[in-house]
Amino acid sequence: MADNDQIRTAEFLTTSVLDMQATIRAIDFKGYVILLLLSLPFSKIEVIQGGVAAMCNAHSSIVSMLAYILAVIALLAWIAAFAFALRCLIVVVDPSKRVAKDEATEDNPKTAQGLFFAARRFKYSWRNALYDANVRTDASPRSVLKEFADSAPLEQELAFEQLKLGFILARKIACTRYATIATGCWSSAGVALWVVAVIHRIVP
């Protein structure tokens, strides 16, 4: 009965890990879409700059002040959206450092080592990131299998992997949410600027 429970636990954790990995890929796609949207105005940047400058220098002080406020809001929102979207796509922290480690006990002396993350066996410095011909690992297939034999039970390793992915997923969800909100503020301010320009016939 205990073996069946362990199998069900391992299956549940495996499904959870696979689902989280798929969700992370979907969120990354949203981040790329947001960055693409934010890059669109650069094709008309001179026209936009000229229009905003004309509105800020309008004879009506109300129009000038409104244009200035909307332009500042649009700029700050664009910067925030870009920063959040970029942070969503770039994860430069080790998620294992954000997970509490189990303490070895007499009943359970083996703890999870993060065996699912094979990249940990390769050490990269900034030099290696530029040129990695000398990057090697001392691990061999036989030593890896020995690590699995000496490590914690499989479900404990899976739980450790689930928690690491949970940190990455939570961070990406938060960054995407705020990037979406900032993108909405940016586009709304841009539309408002266009409406003001059309109403006052400042920009054809």
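Q: Helices (H or I, at least four residues) and strands (E, at least two) are DSSP runs, numbered from the N terminus. How many of each does the protein have?

A: Six helices and zero strands, so read from the N terminus on, it goes α-α-α-α-α-α. Keep in mind that this is a predicted model, where local features need pLDDT of at least 70 and side-chain atom pairs count only at pLDDT 80 or more, while totals for chains, interfaces and linings use all residues. Residues are numbered from 1 along each chain as its sequence is written, and side-chain values use heavy atoms, leaving out hydrogens and water.

Q: What comes after helix 6?

A: Arg201 follows helix 6, and its phi is positive, near 50°.

Q: What span should the 46 residues of helix 6 have?

A: The expected span of a helix is 1.5 Å times one less than its number of residues. For helix 6 that gives 68 Å, and its end C-alpha atoms are 66 Å apart, which agrees. Try helix 3 too: its 29 residues should span 42 Å, and its end C-alpha atoms are 42 Å apart.

Q: How do helix 2 and helix 3 pack?

A: Axes are lines fitted to C-alpha atoms, for helices over the stretch in contact, and angles run from 0 to 180 degrees between N-to-C directions. Helix 2 (residues 45-56) and helix 3 (residues 61-89) pack at about 140°, with axes 7 Å apart. They are therefore oblique (under 35 degrees is roughly parallel, over 145 roughly antiparallel, 65 to 115 roughly perpendicular, the rest oblique). Val52, Met55 and Cys56 of helix 2 make the contact (heavy atoms within 4.5 Å) with Val63, Ser64, Ala67, Tyr68 and Ala71 of helix 3.

Q: Which residues of helix 3 are buried?

A: Buried means under 20% relative accessible area, exposed over 50%, partly exposed in between (1.4 Å probe, protein chains only). In helix 3 the list includes Val63, Ser64, Ala67, Leu70, Ala71 and Cys88. Across the protein, buried residues make up 29% of the 204 residues.

Q: What makes up the largest nonpolar core?

A: A nonpolar core is a set of buried Ala, Val, Leu, Ile, Met, Phe, Trp, Tyr and Cys residues joined through side-chain atoms within 4.5 Å. The largest has twelve residues, among them Ile34, Leu38, Ala74, Leu89, Trp186 and Ala189. Helix 1 (2-39), helix 3 and helix 6 (154-199) each supply at least two of its residues, and helix 3 gives the most, with five. Apart from this core lies another, of ten residues, including Ile27, Phe167, Ile168 and Cys175.
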